[in-house]
Every structure is written in C-alpha cells, then in structure tokens.
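Please open the model in your viewer and keep the sequence panel beside it. The tour below proceeds by selection, with a note on what is found at each stop.

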Amino acid sequence: MDGPRDSGVTLAELLAAFSLATDLGLGQPMEHLLRSWQIASRLGRQVGLPDEDQPMLFHVAMLSWVGCVADSPELTASFGDDIAFRADSYDADLGGLSGMAFFLGHAGRGQTLPRRMQAAATMVATGGTRVMQGIQSHCLVTSTLSDQLGLSEETSAAVRQFFARWDGQGVPRDVRGDQIALVVRLFHLADVVEVYHRRGGVAAAVAVARARSGGQFDPSLVDAFCMAAEEMLPPDVDAYDARDDFSREPGLAGQLSDNDLEVALVALADFTDLRCASRAGHSRGVADLAGEAARLLRLPADDIRATHRAGLVHDIGLHGVPTVILDKPTPLTATETERLRAASYYTERALSRPATLARLGAIAGLVHERMDGSGHHRGVRGDAIPLLSRILAAACAFHELIEPRADRPAHTVKEAAAVIRAEIARGRLDQLAADAVLAAAGAGTRRRVAGPAGLTPREIEVLSLIARGSTTSDVADQLGISRKTAGAHIERIYAKAGVSSRSTATLFALRNGLLSTLDDGPDI
C-alpha cells in the first residue's frame, strides 16, 4: 500500500512563508523573523543549546508573533494603528515605568486630544487590564496553533512565555529568569537586536542588548552576544537569506503529507481571519465555495485542490493592513485604499516559494482582479486571469457580501447573488466562474452551468485534457468513458468553439482562461 502523498512542502517552509506576513503585522520588512531566528540559532550554538532543540527554537521564532492577530482588536481600541504600535514597541523597554510611559504615550493614537486623554486615564485607572487581556489572548492562540500543527508540548509551553521577562515584569508575572525556556530567551534578544542592527549596524545592536540586560534580556546571553556580535549578525542585511540556512537544518527537513498540509493551511486561515471579528471564517468559507465551484466545473482534481487551498491563504497579506482600516465604518481615504489594495501583492510575495506554495500564491494574488481590468493589484484583464483565479475572485466577492462589515450588515444570499449577477453583466466577473460559485452557494438557477461557446462542464474537462496533449484514448482512460464517447465530446467541442485542431482548441482554452497557467509561481 502506498504511503501518504507528500505535499512538496515542509512545515518549516510553510511557517517561513507565513512569517513574512507576520513581519508586516509587526511593521517590519519581510524576513525580519527569519533573520532573528538565524541570530538566535547562532547564539544558541555559542551558549550550548542542544542540537535537538534547534527545531524548537525555529518554531518559537516563527510562531511567537503569530498571536498578534488575536490582540489586534484590543491594541486598536487602546492605541489606534496596531501595526504602528508594534513597530514603535521595538524602540522601548516595556518593563516598569518606561513601559507605562510608552503605553500612555500611545493611548488613543489617531483620536482627538480629549479622547486621547480619556484613553490614558482609563489605562491608569484599570492598570492596563485591556492590554494584559490582549497579551494573554495572544499567548493562548499561539499555543493553540502550535498544538494544531502537531508541535511538541515543550514548544506550546515555550510560546506561552513569549511576553515573560528576565526581571519578572512581563506576562505571566510569576515567570522570570531561568524559568523562561532558553529558546524563548534567545529569541527575545534576537528579535530586538535584528531591528537595531538593520537600522544602525553592529554598534546599535550591541548597545540595545546591553541597555536591556537584566531587564528584558538574560544577562548571560547578552554577554555572549556582545562578545561575538559581528559573528552572530548577518554581514549584509539586504543580501542575507535565512531560508537557505533552515533548509539545511536536519530537524526541519521533513515534508508534510498532503493531508497535513491541508490541516496546517486551514489552521493558518482561521488565524488570519482573527485579525478582525467581522472576517471570522472568511478564508475557510471562500475556500469551500471556490473548491465546490471548481468541482461543479469538473476541473481536474489538482486544480480543485489548488483552488480550495488558494482560498485558504488568499488573505494572509491582510497582516500588513492595520485593523483600523479593516474595521473602518466610514469610506477609506486614498492612502488607506492603497494600503488595502497592497494586501493581495503581500499574499503573492509571502507565498513566492517553494513551488507548491508559489502556485497557490499566484492564484490567490489575482483574487481582486476583474475581467474588465478594474481590479487590483496588477490591473490585468480577461485572458490574463486564469480560470482558477476567476473562480476565487467570484467566491471571495460573494462571501464578503454575506458577511457583516463595519459599514453595513450582511447581505442575504439572495441579495448577494443579485450583486454578483450585476457584476457579471458589467463585465467585471467571469460568467462561467461566477455561475459556478452561485450554484455552489445554492443561489444559482436550475440551468446547468455553461462555459464559453456553450461548453458543458464535461466538455471543459475534455478540452483541458486534449489541450495538454491527451489523445482520444487518453481522454477515455482518464475519464473512465468509452473511446467513442470521448471522440463525440471532442467533435462537439470543436464545433462549438469553431476550431479544427488540438492547437487551435488549446488557444481557445487559453483565451478563455480554461487552463491553469499557474503551475509555477511567479518569480517575485
């Protein structure tokens, strides 16, 4: 019996890709967390971290900040732009009076002066209870994700200590010093010194490490780091690629099975949607809708799977968009609109490798494109949008309509279907894809979903096979039909499409987006 099918992706590669989106939520450039991990890994080897604990250090580095999606609502309510708040937090030692000064200085950011004063007064009166609740929520959801990904209990326990401090002034309050796991203490230091090194070089990294020694950081780790800082820090930040290093780490090399990849993508999709309450379940819902639409169109199994999985990851770029924009009840400004439009680019960029994820990113990156060229972020139109992305675009548009938003209540299914049909009529959504989505949502008509030139779903399936070089016999074998039936399908396809050969049939399929051209992701 054959074993589980490999997905072509390791868990390390998946978490590394997701960490690029997390970087955006921290207000840092992509690969900040990967570079931080490598610094921590080098320092760990210097201070005697056992080799068998290196994978746990990697997982802690990739996951510790993932929970920031869970405290975004609390941060936004207290401090305004949650991404700007996190970016600024690297400049402050958040323990004791300096931490309180930082929180009070950011209270009510973006609001009127009276509201800012009220927010600061509330924080003082409550002792920062809301902030504390946000931190606790952050740690809890990060630990939950660790469990869902099948990581060790030691890893789950370690990420729960992420906001602990050497001096005991963090969360939880009863954890301090050597009670904090070594992998966490290593990452605490690396996470901050990477930022300072990028901004001001080795001297700045050493200075911040010494300044926070004994408070936020383990003094012995600070001493070890400062003694060999130039060896610990990447020599050329712009050229450095930490993913080349973890690909050589034996404990991170195991590939996920196809089923394990599905479980991991669903878990990451659910966490992405925690970014704002109105989007809870959005990615999973879009994925299910798009996958079912692809099935109704009788697309090949690999295309159905890819469409579903692209739906799961299509919104990870929203980590780079502040919650104040996502939950804004009034029209967005031009600047805010541009930040939101960039999310699909961030998604595509984060998923640019390995090849299995790149294909999903290429599909997902076109989710907001429209057939008339009015979409974003590329502004492509018609033939340039493959069928899988057209399906995903229609599924996302429909599912957003049936979800509540800050500026409106949820539409009914009937109302949403009417909007989608209007979009088809305006030439913005592809009719074949949108009809399939409406049928998948139970909002379609009783007529069969028809493709371009009136092709049936079975005929589209046959066309995709012959366009890829299958003979009549191949089509019969792959679809489990007789050679005579396969030949009849091909004759009808040629007649409906007005073509006379395999090559012209292939061009027809390409012009109408019926072939996935996304087997290999873009070189971004």
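Begin by selecting Lys414 and Ala425, the exposed residues on the face of helix H22 turned away from its buried side. Here, exposed means over 50% relative accessible area, buried under 20%, and partly exposed in between, with a 1.4 Å probe and protein chains only. The model is a predicted one: local features need pLDDT of at least 70, side-chain atom pairs count only at pLDDT 80 or more, and totals for chains, interfaces and linings use all residues. Residues are numbered from 1 along each chain as its sequence is written, and side-chain values use heavy atoms, with hydrogens and water left out.

**Helix H22 as a whole**

Extend the selection to residues 413-425, which form H22. Helices are DSSP runs (H or I, at least four residues), numbered from the N terminus. H22 has 13 residues and reaches 18 Å from its first C-alpha to its last, close to the 18 Å expected at 1.5 Å a residue; the expected span is 1.5 Å times one less than the number of residues.

Next, colour Ala416, Ala417, Ile420, Glu423 and Ile424, the buried residues of H22. Viewed down the axis of H22, these residues fall within an arc of 115°, so they line one face of the helix. The arc is that of the directions from the helix axis to the C-beta atoms. An α-helix has 3.6 residues a turn, so residues three or four places apart point the same way.

Which helices do the buried residues of H22 pack against? They pack against helix H21 (387-401) and helix H23 (431-440), where contact means heavy atoms within 4.5 Å. Before leaving this region, select glycine 427, just after H22, which takes a positive phi of about 80°.

**H21 with H23, and H21 with H16**

Display H21 and H23 together. They pack at an angle of about 50°, with their axes 8 Å apart. Axes are lines fitted to C-alpha atoms, for helices over the stretch in contact, and angles run from 0 to 180 degrees between N-to-C directions. H21 and H23 are therefore oblique to each other; angles under 35 degrees count as roughly parallel, over 145 as roughly antiparallel, 65 to 115 as roughly perpendicular and the rest as oblique. H21 passes H23 in a right-handed crossing, a term used if the near helix is turned clockwise from the far one by less than a right angle, anticlockwise being left-handed. On the H21 side, the contact is made by Leu387, Arg390, Ile391, Ala394, Ala395 and Phe398, and on the H23 side by Leu432, Ala433, Ala434, Val437 and Leu438.

Now add helix H16 (residues 301-313), which packs with H21 at an angle of about 45°, the axes being 10 Å apart. That angle makes H16 oblique to H21, and the crossing of the two is right-handed. Select Asp303, Thr307, Ala310 and Gly311 in H16, which meet Leu388, Ile391 and Leu392 in H21.

Step back to arginine 298, in the loop between helix H15 (282-296) and H16. Arginine 298 has a positive phi of about 55° although it is not a glycine, and it is partly exposed, with a relative accessible area of 33%.

**The loop between H9 and H10**

Move to glutamine 161, in the loop between helix H9 (153-159) and helix H10 (182-211). Is glutamine 161 buried or exposed? Glutamine 161 is buried, with a relative accessible area of 15%. Leaving aside its neighbours within four places in sequence, its contacts are Val175, Gln179, Ile180, Ala181, Val184 and His188.

Proline 172 is also found in the loop between H9 and H10. A cis peptide bond, with omega of about 0°, joins valine 171 to proline 172.

**Two further loops**

Select proline 354, in the loop between helix H19 (343-350) and helix H20 (355-364). The peptide bond that joins arginine 353 and proline 354 is cis, with omega of about 0°.

End at glutamate 31, in the loop between helix H1 (11-25) and helix H2 (32-47). Phi of glutamate 31 is near 80°, a positive value in a residue other than glycine, and glutamate 31 is buried, with a relative accessible area of 9%.
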